[in-house]
Amino acid sequence: MSKFRKNKKGLPAISTASLPDIVFMLLFFFMVSTTMRETDLLIKKPLLPSANEVKKLEQKSLVSTIYVGKAKDSKYGAGDKIQLNDKLSTVKDVRAFIYSERAKHNEDEVPYMTVSIKADVNSYVGTVTDIKAELREINALKISYSSKRGNIKDNF
Amino acid sequence: MARRETPEINAGSMADIAFLLLIFFLVTTTMDVDSGIARKLPEKPPPGYVPPILKEKNVFEVNINRNNQFLVEGEYMNIDQIKEAAKKFINNGGGTNEDGEECTWCTGERDPRSSDHPSKAIISIQSDRATNYGPFIAVQNELEAAYTELRNELGLKLYGKTFTALVKDLQNDKKNEELKEKIENIKNKYPQIISEAEPTQ
């Protein structure tokens, strides 16, 4: 037995005691730098247009998102669909959606609320215009055409 | 009898627990930052509002048809020509503003047939309902870029720093009134006036 031990002395085991610390560090990094996925998309994930004059949206809590794109499920038909929260909706529901978003915030925050329109590159301007007309009716005037950083040539 | 020592809790599985949490967060969260072209919609006009009559030379018209082609001021253009054309139009300074002042900072051609003053120069975008969203955003981007470039040039001339750099500085130092004033000054000299006409059917 003693002989056996002597042989093993050459390679001590690497201590794994700090492994949890490393993993926790990674965990905290991801917790801080990412956001929870809020909604399940019922439309196909929009391929955002590219632009180089983009501004970052600050204060995520003040941003409400409207998705525009083709439905994943063919039973909803072809054509551009609008998704608000968790369901596919029509343009008429945009008002109710914005009102419910406003109800979540203090009154003094309302002028800073932004609507981010996440529309697919191949959707039609008409759909987006309808949404904008509705937003204008209820004075939700700050909007952002969601786009990724890139070359505008990719939009054609 | 000797007191029995409390046994140590085995921490060997701590790593497993942490990994489990880590994987949970990796799966349920996203990392995308939301960015986009910021626009402010015009307010709803009060009933009975009569829009002011504009001189045609003060309006820069961009039309996009359903085949995603551009017609700028009656001329067929490619996307990469729009920015230069818009810059030339805004920066023209051929006349005076409402108070009868000339544009002293304009470096344009001062053509009397083009816009009078940056504060009077209006860009109008009209698209078709069936235009694709991508080209529409491309035009918005080019016009935004035209304003940014003009503001950058003015910033360099007045304060030795581009407009973009000034805005970035303000983000790091939000309470700096002097910086805010500089930015406002540049913005007022090249106000962004983009109007979106009702789309054609």
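Reader: Before we start, what counts as buried, and what as exposed, here?
Author: Buried means under 20% relative accessible area and exposed means over 50%, with partly exposed in between. Keep in mind that this is a predicted model.

Reader: OK, so is Ser124(B) buried or exposed?
Author: Ser124(B) has a relative accessible area of 13%, and because the cut-off for buried is under 20%, Ser124(B) counts as buried. Ser124(B) sits in strand E6 of chain B, which covers residues 122–127.

Reader: What does Ser124(B) touch, sequence neighbours within four places aside?
Author: Its contacts are Val59(B), Phe60(B), Glu61(B), Val62(B) and Ser195(B).

Reader: Phe60(B), hm. Which residues have the most contacts inside the largest nonpolar core?
Author: Phe60(B) is one of them, along with Ile66(A), Leu135(A) and Val139(B), in a core of 59 residues. Helix H3 of chain B, residues 133–159, supplies the largest share of that core, 10 residues.

Reader: And what is Val139(B) in contact with, again skipping neighbours within four places?
Author: Val62(B), Ile64(B), Phe70(B), Ile79(B), Ile82(B) and Ile125(B). There's also a second, separate core of 6 residues, including Val23(A), Leu27(A), Phe30(A) and Phe25(B).

Reader: Switching to the surface: which residues make the nonpolar patch?
Author: Leu19(A) and Ile22(A) plus Phe19(B), Ile23(B), Leu26(B) and Val27(B), making about 510 Å². Helix H2 (19–33) of chain A and helix H1 (14–28) of chain B each give two or more residues, and H1(B) gives the most, with 4.

Reader: How exposed is Phe19(B)?
Author: Phe19(B), in helix H1 of chain B, is partly exposed, at a relative accessible area of 35%.

Key:
Residues are numbered from 1 along each chain as its sequence is written. Chains are lettered from A and ligands numbered from 1 in the order in which they are written. This is a predicted model: local features need pLDDT of at least 70, side-chain atom pairs count only at pLDDT 80 or more; totals for chains, interfaces and linings use all residues. Side-chain values use heavy atoms; hydrogens and water are left out. Patches are made of residues with over 30% relative accessible area and no salt bridge: like charges are joined within 9 Å, nonpolar side chains (Val, Leu, Ile, Met, Phe, Trp, Tyr) within 5 Å. Accessible areas come from the Shrake-Rupley method with a 1.4 Å probe; for residues, only the protein chains shown count as cover. A salt bridge is a side-chain nitrogen of Lys or Arg within 4 Å of a carboxyl oxygen of Asp or Glu. Buried means under 20% relative accessible area, exposed over 50%, partly exposed in between (1.4 Å probe, protein chains only). Contact means heavy atoms within 4.5 Å. A nonpolar core is a set of buried Ala, Val, Leu, Ile, Met, Phe, Trp, Tyr and Cys residues joined through side-chain atoms within 4.5 Å.
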